[in-house]
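Me: I'm new to reading protein structures and would love a close look at one part, with its surroundings. Could you walk me through the helices and how they sit against each other?

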Amino acid sequence: MRFAILSDLHANLEATEAVLADAREHECTHYVCLGDVVGYNANPHECVEIVQKLDCPVVKGNHDEQASLDESSRDFNALAEMAINWTRAQLTEEDKTWLRELRLSRPVRDFTIVHATLDTPEQWGYVFNTLDAAASFTYQHTTVCFFGHTHVAGAFVRDDGVKRVKTDQLMIEPAKKYFINTGSVGQPRDGDWRAAYCIYHIEKNVVEQRRVKYDLATAQEKIIKAGLPRLLAERLKLGR
Ligand code: ZN
């Protein structure tokens with residue numbers, strides 16, 4: 001059994017399609033989505049439809065939350081705010097209801113999924129360092145938990161202490177705990193423009209980090225044509 005773990009699609013249809021093709025090629029049989037299906041890029045409705053069709057466990061991201069409200073309830077930076085206003089106008093009432101009703105975290109088989117943190121998921125804090133990760137580990141009751149939100153791929157392991165490790169091929173040992181960021185499908189911010197996601201090989205106990213090239217030029221063109229801020233197109237190729 002192989003799970004494709006997708007996070008932060010951010011309405012990037014080209015990246016999402018490329019990742020799903022890669023997952024099929026690598027014989028993924030199951031899917032989960034860690035939220036932020038919408039926001040920033042040009043195809044929010046299409047990405048909602050794709051995730052709905054996967055019929056898989058999904059948790060809510062902060063952009064999903066804001067897009068599903070009539071107006072913003074918390075401070076976004078100017079770029080995100082412009083994009084979220086545009087996004088609201090693209091989504092159907094059904095899309096918004098679906099986004100609004102997503103849960104903040106949930107168990108899937110023997111692992112957990114959450115968008116931001118396990119300690120206070122509704123506050124949308126960022127886990128960038130071992131101290132942030134330690135707070136989440138306190139609330140983690142499964143060996144593995146996948147999260148997103150930072151758009152930076154990488155994992156934290158709790159053994160005697162908490163340390164950061166790479167996820168190219170991560171062997172899961174049941175005596176430890178793993179808080180794993182899959183990176184972002186639709187807007188990576190770790191300096192690599194390629195779409196990021198993870199494959200969890202359940203029987204082999206291995207989490208594999210994947211990076212997938214996609215039709216970046218088309219995604220950028222659509223952002224500009226939609227009248228979204230140009231910077232959103234430019235950052236895609238920088239992976240920032
Ligand atoms: Zn995000």
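Reply: Let's start with a word we'll need: two residues are in contact, or touch, when heavy atoms of theirs lie within 4.5 Å. Keep in mind, too, that this is a predicted model.

With that in hand, take E14, which you'll find in helix α1, residues 13–25. Leaving aside residues up to four places away in sequence, E14 touches N43, Y214, D215, T218, A219 and K222. One of these partners deserves a second look: the side chains of E14 and K222 are joined by a polar contact of 2.5 Å. Is E14 buried or exposed? Buried means under 20% relative accessible area, and E14 has 12%, so it counts as buried.

A219, one of the residues that E14 touches, takes us on to helix α7. Helix α7 covers residues 216–225 and packs with α8 at an angle of about 165°, their axes being 8 Å apart. Therefore the two helices, α7 and α8, run roughly antiparallel to each other. On the α7 side the contact is made by L216, A219, Q220, I223 and I224, while α8 brings R230, L232, A233, E234, L236 and K237. As for handedness, α7 passes α8 in a right-handed crossing.

Now follow α8 (230–238) to another neighbour, because the buried residues of α4 pack against α8, and also against α2 (44–54), α3 (62–67) and α5 (93–100). Helix α4 spans residues 78–90, which is 13 residues. From its first C-alpha to its last, α4 reaches 19 Å, close to the 18 Å expected at 1.5 Å a residue. Which residues of α4 are buried? They are L79, A80, A83, I84, W86, T87 and R88. Look at the start of α4 as well: there a side-chain oxygen of N77 comes to within 3.1 Å of the backbone nitrogen of L79.

Two of the helices that α4 packs against, α2 and α5, also pack with each other. Their angle is about 60°, with the axes 11 Å apart. That makes α2 oblique to α5. The crossing of this pair, α2 and α5, is left-handed. If you want to find the meeting place, look for H45, V48, V51 and Q52 in α2, which meet D95, W98 and L99 in α5.

Let's finish with the loops and a strand. Most residues other than glycine have a negative phi. E27 has a positive phi of about 60° although it is not a glycine, and H151 likewise has a positive one, of about 65°, without being a glycine. E27 is in the loop between α1 and β2 (30–33), whereas H151 is in the loop between β5 (144–147) and β6 (154–158). E27 is exposed, at 55% relative accessibility, but H151 is buried, with a relative accessible area of 2%.

Last comes I5, in strand β1, residues 2–6. I5 is buried, at 0% relative accessibility. Not counting residues up to four places away in sequence, I5 touches V32, L34, F111, F146, T182, Y197, C198 and Y200. And here's a link back to where we began: D215, one of the residues that E14 touches, is 210 residues from I5 along the chain, and the C-alpha atoms of I5 and D215 are separated by 21 Å.

Conventions. Residues numbered from 1 in each chain as written. Predicted model: local features only at pLDDT ≥ 70, side-chain atom pairs only at ≥ 80, totals over all residues. Heavy atoms only, no water. Helix = DSSP H or I, 4+ residues; strand = E, 2+ residues; numbered from the N terminus. Expected span 1.5 Å × (residues − 1). Buried < 20%, exposed > 50% of the residue type's maximum accessible area, 1.4 Å probe, protein only. Polar contact = N/O pair within 3.5 Å; in protein donor to acceptor, adjacent residues only side chain to side chain. Axes fitted to C-alpha atoms, helices over the stretch in contact; angles between N-to-C directions. Parallel < 35°, antiparallel > 145°, perpendicular 65-115°, else oblique. Left-handed = near helix turned anticlockwise from the far one by under 90°.
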